[in-house]
Amino acid sequence: MTLAAIPASSRYAVRLSGDFFATAAQLGATLLVAYALESGAMIKALRRRGRNQEMLVGFISALGLSGMIGVAISLMLSEHGGRLSTLELVASAFSLSAIGLLGALVALQPLLIYEWSHAATTEYPDE
């Protein structure tokens, strides 16, 4: 028996419907739209360019790309229902994690925009 056949033969196999993954893909697509709008506002708010800002933009872009891949995986898994193989289980874990991280980023971006734009425009008299 191979590693890929273990969940299919186990009585503890994970069974998820195709509707679950379709709903996750819809949620992820909605988050991608919000991510795109907020990322554009964030880049516009970051007036200075420097190493820290470039790293932040790269980090945010990587999370957006992983979220997009997660949505694509969810769309592929939405056609499949029933027991998941090991590969499908790993893919679904990645997909749901990526969509969750994208949601967390969308929730935190307004705070990041405020902090970074405030730090770029405020002059502190004691410095």
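This report walks through the fold, one aromatic pair, one buried serine and a nonpolar surface patch in a predicted model.

## Overall layout

Let's start with the big picture. The protein has 4 helices and 2 strands, and reading from the N terminus the order of elements is α-β-α-α-β-α. Of its 127 residues, 31% are buried.

As for who touches whom along the chain, take the contacts with a separation of 6 or more: 83% of them link residues 24 or more positions apart. On the outside, the accessible surface is about 8300 Å², and carbon and sulfur atoms own 66% of that.

## The aromatic pair

The count of aromatic pairs comes to 1. The partners are Phe20 and Phe21, with ring centres 5.3 Å apart and planes at 80°, so this is an edge-to-face arrangement. The cut-off behind that label is a plane angle over 60 degrees.

How do the two rings' residues fare for solvent cover? Phe21 is buried, at a relative accessible area of 0%. Phe20, on the other hand, comes out at 36%, which makes Phe20 partly exposed.

## Ser95 in helix H4

Ser95 sits in helix H4, which covers residues 86-121. Its relative accessibility is 0%, so Ser95 counts as buried; the threshold for that is anything under 20%.

What does Ser95 touch, leaving aside residues up to four places away in sequence? The list is Gly70, Ile73 and Ser74. With Ser74 there is also a polar contact, side chain to side chain, at 2.5 Å. Helix H3 spans residues 51-77, and those three partners of Ser95 carry the numbers 70, 73 and 74.

## A nonpolar patch on the surface

Now for the outside. Leu65, Met68, Ile69 and Phe94 make up a nonpolar surface patch, and together they offer about 360 Å² of accessible area. Which element gives the patch its largest share? That would be helix H3, with 3 residues.

Ile69 is one of the patch members, and its place is in helix H3. With a relative accessible area of 39%, Ile69 is partly exposed. Patch members need over 30% relative accessible area, so Ile69 clears that bar.

Sequence neighbours end up in quite separate parts of this account: Phe94 belongs to the surface patch, while Ser95 is buried. Likewise, Ile69 is partly exposed, whereas Gly70 is among the residues that Ser95 touches.

Note on methods. Residues are numbered from 1 along each chain as its sequence is written. Side-chain values use heavy atoms; hydrogens and water are left out. Rings of Phe, Tyr and Trp (its six-membered ring) pair if their centres lie within 6.5 Å; planes under 30 degrees apart count as stacked, over 60 as edge-to-face and the rest as tilted. Buried means under 20% relative accessible area, exposed over 50%, partly exposed in between (1.4 Å probe, protein chains only). A polar contact is a pair of N or O atoms within 3.5 Å; within protein, one must be able to donate a hydrogen and the other to accept it, and residues adjacent in sequence count only if both atoms are side-chain atoms. Contact means heavy atoms within 4.5 Å. Accessible areas come from the Shrake-Rupley method with a 1.4 Å probe; for residues, only the protein chains shown count as cover. Patches are made of residues with over 30% relative accessible area and no salt bridge: like charges are joined within 9 Å, nonpolar side chains (Val, Leu, Ile, Met, Phe, Trp, Tyr) within 5 Å. A salt bridge is a side-chain nitrogen of Lys or Arg within 4 Å of a carboxyl oxygen of Asp or Glu.
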